[in-house]
Amino acid sequence: MITPPVAGRTRQTRLRVDPALIRAVLDHYREHGSLTKTAAAFGVSRRSVARWNGWAKQVPGWPTEADIAEWAADDAARAADRVRWRAHAEQYRRHAYLRRPALMVPALRGQRQLRALQALGWLQREIGAQMGCSGAWVGNLSGGRHAVMLRVTAEQIDAVYDRLAMRVPPHDPMHDRQRRLAAKKGWAKPLEWDEETIGDPKARPSKGYRRGPVGIDHAAVWRLVDGGERVKHLTHGEAALAYRLLRERGFSTHEIEHRYRLKSERYGQEAS
């Protein structure tokens with residue numbers, strides 16, 4: 001084992017550079033006296049040139065011809081081993097690559113899971129916080145623009161879906177609005193999907209759970225009552241609530257019907 005000299009003793013680490021190259025580097029350095037030129041000429045670092053020069057000062061004549069010959073003999077003896085181990089490593093990498101699962105998977109399952117969580121009322125930013133990403137990214141993936149996704153992303157969506165699918169977010173204006181938007185887009189809730197077939201393109205959600213009442217979008221109701229803004233696509237419950245609030249504020253039936261387009265025969269009886 002060729003080892004460099006350090007402070008008059010032999011350090012028990014194998015020299016990793018051909019001593020013949022070290023001899024040529026040191027000869028060039030002694031001739032020109034410049035670390036920068038020598039390092040550039042041989043493609044090594046200035047630190048290596050300085051270190052080798054320090055070793056040569058401790059043991060004059062290092063590296064010797066015997067060191068160079070021992071390195072060459074050792075290198076020739078191990079050449080066959082290096083070829084064999086390179087072939088073994090290449091074969092291992094090839095087999096490992098073929099055995100590993102696909103990096104990309106169909107995105108349909110993840111898209112349906114994200115849509116189901118939003119249909120349940122979860123906000124995109126809340127889902128993104130669980131996954132460690134932004135709500136905009138969740139919305140982009142839910143939109144159906146991607147045919148495939150990374151396998152690690154699909155696994156993250158599975159984990160978040162398992163945590164949130166059986167938890168109902170609170171009924172407040174923000175979550176109710178999310179339920180309304182998902183209902184308008186026809187997105188199914190988690191209980192409408194079969195866990196085994198949610199990723200099957202031929203699978204369709206069950207209709208049994210879609211007949212329940214949709215949450216009231218209080219923000220839309222107050223935009224109508226306070227600002228006089230005509231809000232389209234109000235549900236029956238939201239329109240009845242707006243009718244009752246307007247009546248409590250002293251608006252007549254005629255004003256409500258002509259200004260807010262809320263018919264008294266449809267919502268008046270329920271409001272009373």
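This passage describes the overall composition, nonpolar cores, surface patch and local geometry of a predicted model.

The chain comprises 272 residues, of which 34% count as buried. Its secondary structure consists of 13 helices and four strands. Among contacts in the chain with a separation of 6 or more, 63% are accounted for by residues 24 or more positions apart. The exposed area of the chain is about 17,100 Å², and 53% of this area is supplied by carbon and sulfur atoms.

Two separate nonpolar cores can be described. The largest contains 22 residues, and L114, L117, I127 and M149 have the most contacts inside it. Helices α5 (108–120), α6 (124–131), α7 (135–142) and α8 (151–164) each contribute at least two residues to this core. The largest share, five residues, is that of α8. The second core, separate from the one just described, has 15 residues, including V221, A239, L241 and L246.

The surroundings of M149, one of the residues with the most contacts inside the largest core, were examined further. When neighbours within four places in sequence are left aside, M149 is in contact with L103, M104, V105, P106, A107, G110, Q111, L141, A154 and I157. Among these contacts of M149 is M104, a residue of strand β3, which spans residues 104–106. M104 counts as partly exposed because its relative accessibility is 41%, a value that falls between the 20% limit for buried residues and the 50% limit for exposed ones.

M104 is also part of a nonpolar patch on the surface, together with L103, V148, L150 and V152. The area of this patch is about 440 Å². Both L103 and M104 therefore appear in two settings, as members of the surface patch and as contacts of M149, while a relative accessibility over 30% is required of residues in a patch.

A search of the whole structure for aromatic pairs yielded one. This pair is formed by W55 and W62 in an edge-to-face arrangement, with a centre-to-centre distance of 5.7 Å and an angle of 80 degrees between the planes. W55 and W62 are both buried.

W62 also takes part in a cis peptide bond, which joins this residue to P63 with an omega of about -5 degrees. Most peptide bonds, by contrast, are trans. P63 is located in the loop between helices α3 (46–58) and α4 (65–99). W62 is thus a partner both in the edge-to-face pair with W55 and in the cis bond to P63.

Terms used
Residues numbered from 1 in each chain as written. Predicted model: local features only at pLDDT ≥ 70, side-chain atom pairs only at ≥ 80, totals over all residues. Heavy atoms only, no water. Patch = residues over 30% accessible without salt bridge, like charges linked within 9 Å, V, L, I, M, F, W, Y side chains within 5 Å. Areas by Shrake-Rupley, 256 points an atom, 1.4 Å probe, with all protein chains shown as cover. Salt bridge = Lys/Arg side-chain N within 4 Å of Asp/Glu carboxyl O. Buried < 20%, exposed > 50% of the residue type's maximum accessible area, 1.4 Å probe, protein only. Core = buried A, V, L, I, M, F, W, Y, C linked by side-chain atoms within 4.5 Å. Contact = heavy atoms within 4.5 Å. Phe/Tyr/Trp six-rings, centres within 6.5 Å; stacked < 30°, edge-to-face > 60°.
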